[in-house]
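Biologist: I would like a close look at a single part of this protein, its nonpolar interior, before I plan how to read the rest. Please take me through it slowly, with the cut-offs behind each term.

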Amino acid sequence: DTDSIQLTRASHSLHIDESFIWNGHRLYAFPHKAISRQSKENARWFFDQNEREKPRRLRRIREILDSMGADSWPPVIMTFNSGFSSMFLNWVASCDANEIPVRDRAIIFAMDKKCRDIAENNGFSVCYDEDSEILKTTGTAKQFGDPDFKKHMFFQNAVIQDMLEPGCDFLFQDVDIVWLKNPFEYFKQNNGYDMEFMFDGINSFHAPLHANTGFIYFRNRPVTRDFWKIIFENYDRTDQFGSQQSPLNKYLGLVSQRGLTINILPESLFANGHLFYSVPER
């Protein structure tokens, strides 16, 4: 287990243990700290495979970034398999309908051949490793929370880790989103934060900041890279929780205002699903 977290900004370090004060109360990020042997073994297998596959992904990422014009930065990245392709096409349709150019700035991390073909046929740059052992085990998720979905989360975390290496800012998003306006206009005018998250609505699972991990803007700074290294290297927590969002929010509670500056995006501009599902007629 990781019993402490180290974050660095400029020339000083911040030491953070796994408890924090919130609204005057001491909370513990992981009150049940024991991680199952199975989760640890699953994580070890993924990390071993990732060491082999990462150089191939990085080469392709750099090829795509090198081909992008200055107007296409920062990029937006997505990971999905063909089972979620209708959601991807819905996002594309929303961008086209609202005249938001995205094909020159998006990188699609395809998780199967059919997904690769769909993205390429719609004019997008694709990173796909046909020889990936990771994708052979992660590309079969059919819905959020099914047994293969947490495996999908490892690949997603690894891709974000890869994107932080070339040094560019970027937006990561899930595919179940539509754009009515270009979000990069907001991020361009709002440069004071290291990371920006959509608000997930108040719920006990994602306290204390209630950040939604399906829409994250990364400003590629040392402290941002330090934070994501914590998330990536603690994938066994993701395996244990069955999703990325709960453990990430726990770690955000540890690091907020202690080195990493976080913005929870305004719901009036970035509307998460909880605004609609709670009142279906909306």
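Modeller: What follows sets out how far the model can be trusted and then turns to the interior.

This is a predicted model, in which local features need pLDDT of at least 70 and side-chain atom pairs count only at pLDDT 80 or more, whereas totals for chains, interfaces and linings use all residues. Residues are numbered from 1 along each chain as its sequence is written, and side-chain values use heavy atoms, with hydrogens and water left out. The mean pLDDT (the predictor's confidence in each residue, from 0 to 100) is 82 for the protein, and 79% of the residues score at least 70. Confidence is lowest in strand S2 (residues 12–17), with a mean of 43, and highest in strand S7 (residues 125–127), at 98. The pLDDT is below 50 over residues 1–16, a stretch that nevertheless has 46 contacts in the model beyond near neighbours in sequence; contact means heavy atoms within 4.5 Å.

The protein has 10 helices and 11 strands, which are DSSP runs numbered from the N terminus (helices H or I, at least four residues; strands E, at least two). Of its 282 residues, 52% count as buried, a word that means under 20% relative accessible area, with exposed over 50% and partly exposed in between (1.4 Å probe, protein chains only).

Now to the interior itself. A nonpolar core is a set of buried Ala, Val, Leu, Ile, Met, Phe, Trp, Tyr and Cys residues joined through side-chain atoms within 4.5 Å. The largest one holds 44 residues, of which Ile77, Phe109, Phe218, Phe227, Trp228 and Leu252 touch the most other members. Helix H5 (residues 149–164) gives the most to this core, with 7 residues. Leaving aside neighbours within four places in sequence, Phe218 is in contact with several residues, among them Ile160, Leu164, Phe170, Phe172, Met195 and Trp228, and also with Asp169 and Asp194. A second, separate core of 29 residues includes Trp91, Val102, Trp179 and Tyr217.

Three of those most connected residues in the largest core, Phe227, Trp228 and Leu252, also appear where two helices meet. Helix H7 (residues 222–233) and helix H9 (residues 245–255) pack at an angle of about 145°, with their axes 11 Å apart; the axes are lines fitted to C-alpha atoms, for helices over the stretch in contact, and angles run from 0 to 180 degrees between N-to-C directions. Phe227, Trp228, Ile230 and Ile231 of H7 meet Leu248, Tyr251, Leu252 and Val255 of H9. By class, this contact of H7 with H9 has 8 nonpolar, no polar and no charged residues, where Ala, Val, Leu, Ile, Met, Phe, Trp, Tyr, Cys and Pro count as nonpolar, Asp, Glu, Lys and Arg as charged, and the others, Gly among them, as polar.

Other buried positions complete the view. Met198, in strand S9 (residues 195–199), counts as buried because its relative accessible area is 8%. Not counting residues up to four places away in sequence, Met198 touches residues including His210, Phe215, Leu265, Phe270 and Asn272; the C-alpha atoms of Met198 and Asn272 are separated by 6.8 Å, although the two are 74 residues apart along the chain. Ser94, in helix H2, is buried at a relative accessible area of 9%, and Ser94 is in contact with Val178 and Trp179, leaving aside neighbours within four places in sequence.
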